[in-house]
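Here's a quick tour of some salt bridges, a helix and a pocket. Have the model open while you read.

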Amino acid sequence: MFDYKSLSLRKVERRDLELVRGLKDESWFATHTVAIVNNEDQERWFDSLDKNIGNPRNLMLIAMELHDRGNTGYSVGVFKIRSIEWVNRTADVAWDVFKAHRGKGHGKVL
């Protein structure tokens with residue numbers, strides 16, 4: 001886990017798939033890069049994330065609310081690092097805040 005200000009980032013887990021799928025379903029109409037997916041698609045996507053363990057090309061992290069004592073609360077969004085080029089030290093980054101947690105400053109922290 002990585003803690004910064006009010007959020008903690010952790011690697012996406014299988015238990016997060018429904019949450020991430022909800023985010024995809026919410027935004028599919030606004031982008032050409034996100035397809036409508038079913039449970040099987042979501043499982044295949046998750047399984048593909050760890051193909052390069054030790055030298056990942058993509059990281060998907062869940063942003064969790066961080067309480068004063070270091071305890072994490074609810075999931076507030078996703079932080080994505082894609083196309084990691086370790087030699088050149090470049091990557092594409094993006095983030096999304098779940099609809100129920102927008103307008104609270106989480107996007108700025110991400």
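A salt bridge here is a side-chain nitrogen of Lys or Arg within 4 Å of a carboxyl oxygen of Asp or Glu. Bear in mind that this is a predicted model: local features need pLDDT of at least 70, side-chain atom pairs count only at pLDDT 80 or more, and totals for chains, interfaces and linings use all residues. Residues are numbered from 1 along each chain as its sequence is written, and side-chain values use heavy atoms, with hydrogens and water left out.

**Salt bridges**

The whole structure has eight salt bridges, including these:

| Pair | Closest N to O distance |
|---|---|
| D16 and R10 | 2.8 Å |
| R15 and E13 | 2.4 Å |
| R14 and E43 | 2.2 Å |

How do the partners sit relative to the surface? Take buried as under 20% relative accessible area, exposed as over 50%, and partly exposed as in between (1.4 Å probe, protein chains only). D16 and R10 are both buried. R15 is exposed at 62% relative accessibility, while its partner E13 is partly exposed at 32%. For the R14 and E43 pair, R14 comes out partly exposed at 40% and E43 likewise partly exposed at 33%. Shared partners link R10, E13, R15 and D16 into one network of salt bridges.

Helices (H or I, at least four residues) and strands (E, at least two) are DSSP runs, numbered from the N terminus. R14 belongs to the loop between β2 (7-11) and α1 (17-27), and E43 to helix α2, so their salt bridge ties together parts that are 29 residues apart in sequence.

**Helix α2**

Which residues of α2 (residues 39-49) are buried? They are Q42, W45, F46 and L49. These sit on the same side of α2 because they cover an arc of only 100° around the axis, going by the directions from the helix axis to the C-beta atoms. On the face turned away from that buried side you'll find the exposed residues E40 and R44. At the start of α2, a side-chain oxygen of N38 comes to within 3.1 Å of the backbone nitrogen of E40.

**A pocket**

A pocket is an open set of points on a 1 Å grid where a 1.4 Å probe fits, with protein on both sides within 12 Å along at least five of seven lines; lining residues have an atom within 4 Å of a point. The second largest one has a volume of about 200 Å³, counted as the space filled by probe spheres set on the points. Of its 13 lining residues, S48, L49, R57, N58 and L59 are the closest to its centre. At least two lining residues come from each of α2, β3 (59-66) and β4 (72-85).

Notes. Polar contact = N/O pair within 3.5 Å; in protein donor to acceptor, adjacent residues only side chain to side chain.
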